[in-house]
Amino acid sequence: MYDAMQEKSLHIISMDHPFPPDFGGVIDVFFKIRALHKLGYKIYLHAYAEKIPESCPELEAITGHVFYYRFSSNPLLFFSRMPFSVASRNDAALYKNLKSVEAPILFESLKTTYLVKKGKLDGFTKILRLHNIEQDYFKGISKTEKSILKKIAFWFEYRKYKMYEQTISSFDKVLALSIFEEQYITEKFGNASYVPVFHGNDTVRDLSGKGTFALYHGDLNTADNRESVRFLANVFKDIPDFKLVIASGSGEDYVNKIIAGQSNAEYVRLKDFPHLKSLMADAHINICWSFQQSGTKLKAVNALFNGRFCIINDNITDDPNVSSLCITTNNKEQLIETVNLLKDQPFEDFERREYLLKSCLDDGANALLIDKILRNQ
């Protein structure tokens with residue numbers, strides 16, 4: 001077996017194709033790869049994908065090699081004792097490709113850990129990037145999901161992850177996305193470190209002054225984001241003189257049905273990330289809301305780098321550096337009061353925001369944290 005340790009090589013197993021980086025999990029994966037590449041790491045990327053591309057120049061430019069694998073579509077996997085999202089990522093070629101290069105393995109979420117559970121990677125340095133406390137995540141979306149079939153499927157996934165979580169004890173280190181998750185894993189397994197989310201923003205935009213509306217954005221294929229849209233549309237019925245823009249690449253019919261007849265609410269279909277950044281720059285207030293706790297949400301990070309005022313609730317982040325740059329509210333009455341307070345107030349906090357973001361949410365600094373962890377294993 002080829003010994004790749006001396007040239008700072010690393011296997012990364014991604015739960016989904018990380019390009020384009022257009023939703024939470026793969027944003028963290030893609031910009032982590034980019035940051036580690038800048039540190040001199042040769043990345044062997046193993047990515048599960050619905051459709052396997054002929055090539056991906058954007059990934060090939062920052063990796064040594066990209067291997068693609070298909071999700072298993074075997075319906076019998078729903079009856080496995082493993083969570084379906086783990087059992088369906090079980091391509092036999094992955095083991096062969098990992099064995100061909102001797103290097104540490106970074107697993108992106110518990111969803112990619114089928115081989116660890118099977119005990120096939122003993123002797124490898126194994127690092128887990130924990131993207132959620134999975135049983136909490138699936139329990140949460142099973143409660144907010146309206147489809148009965150999906151609600152049942154998510155509930156079973158929650159029950160399976162409760163048992164599957166013990167797999168975490170097989171890892172040399174766990175990289176947590178939130179302080180809560182770091183504490184939770186450390187108490188149960190004793191091997192976690194907090195490494196903030198990778199996000200790809202290199203500069204903080206100076207947008208001192210005023211914008212013209214409030215913006216909420218999110219993937220409306222997820223139940224939590226749909227619930228947030230329902231909540232915010234109802235809130236802005238009581239703020240008739242200020243506009244709410246709901247931006248997403250999905251859910252247009254869903255949103256338009258909710259805001260029908262509401263003159264101060266509008267759906268905008270997102271084209272790409274530059275389009276989102278332009279909306280953030282035009283907005284006066286970015287609202288990031290969630291009914292489920294799961295680390296620092298990337299929508300808040302992007303809003304802080306690319307927008308003015310940012311209103312959050314407690315579920316958006318537990319990092320005090322991030323929350324100190326936002327205004328936190330936790331119910332309808334508080335949110336109405338805060339929007340009314342801010343809507344005519346110019347944004348003047350750029351310098352403090354720039355200083356704090358560069359000190360706590362820098363991709364390069366976070367890559368150095370991972371480098372230090374790898375060197376100490």
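Let me begin at the surface, where Leu76, Phe78 and Phe79 form a nonpolar patch with about 410 Å² of accessible area together. A patch here is made of residues with over 30% relative accessible area and no salt bridge, with like charges joined within 9 Å and nonpolar side chains (Val, Leu, Ile, Met, Phe, Trp, Tyr) joined within 5 Å. The areas come from the Shrake-Rupley method with a 1.4 Å probe, and for residues only the protein chains shown count as cover.

Before going on, I should say that this is a predicted model, in which local features need pLDDT of at least 70 and side-chain atom pairs count only at pLDDT 80 or more, while totals for chains, interfaces and linings use all residues. Residues are numbered from 1 along each chain as its sequence is written, and side-chain values use heavy atoms, with hydrogens and water left out.

Returning to the patch, Phe79 is found in the loop between strand S4 (65–70) and helix H3 (84–87), where helices (H or I, at least four residues) and strands (E, at least two) are DSSP runs numbered from the N terminus. Is Phe79 buried or exposed? Phe79 counts as exposed, because its relative accessibility is 72%; the words mean under 20% relative accessible area for buried, over 50% for exposed, and partly exposed in between, with a 1.4 Å probe and protein chains only.

Now to the sheets. Strands of a sheet pair through backbone hydrogen bonds, either parallel or antiparallel, and two strands are said to pair if DSSP finds at least two bridges between them. One open sheet has seven strands in the order S4-S3-S2-S6-S7-S8-S9, with parallel pairing. Its edge strands, each pairing on one side only, are S4 and strand S9 (192–194). Inside this sheet, strand S2 (residues 9–14) pairs with strand S6 (residues 105–108) in the parallel sense over three bridges, and the bridge partner of His11 in S6 is Ile105.

A second open sheet has six strands in the order S12-S11-S10-S13-S14-S15, again with parallel pairing, and its edge strands are S12 and strand S15 (327–328). I would like you to look at strand S11 (residues 244–248), because five of its five residues are buried, so S11 is largely enclosed by the rest of the structure. Leu244, Ile246 and Ser248 point one way from S11, whereas Val245 and Ala247 point the other way.

Which strands does S11 pair with? Strand S10 (residues 214–217) pairs with S11 in the parallel sense over four bridges, and His217 has Ala247 as its bridge partner in S11. Strand S12 (residues 265–269) also pairs with S11 in the parallel sense, over five bridges, with Ala265 as the bridge partner of Leu244 and Tyr267 as that of Ile246.

The connections deserve a word too. S10, helix H9 (residues 223–236) and S11 make a right-handed β-α-β unit, and S11, helix H10 (residues 252–258) and S12 make a right-handed one as well. A crossover is called right-handed if, with the strands pointing away from the viewer, the path from the first strand over the helix to the second runs clockwise.

My last topic is salt bridges, each being a side-chain nitrogen of Lys or Arg within 4 Å of a carboxyl oxygen of Asp or Glu. By this rule the count comes to 16 salt bridges. In one of them Lys32 meets Glu108, with the closest N and O atoms 2.7 Å apart. Lys32 lies in helix H1 and Glu108 in strand S6, so the pair ties together parts that are 76 residues apart in sequence. Lys32 counts as buried at 0% relative accessibility, and Glu108 is buried with a relative accessible area of 0%.

Another salt bridge joins Glu266 and Lys243, whose closest N and O atoms are 2.4 Å apart. This pair brings us back to the second sheet, with Glu266 in strand S12 and Lys243 in the loop between H9 and S11, 23 residues apart. Glu266 is partly exposed, with a relative accessible area of 33%, and Lys243 counts as partly exposed at 33% relative accessibility. Finally, salt bridges that share partners join Asp28, Lys32, Glu108 and Arg129 into one network.
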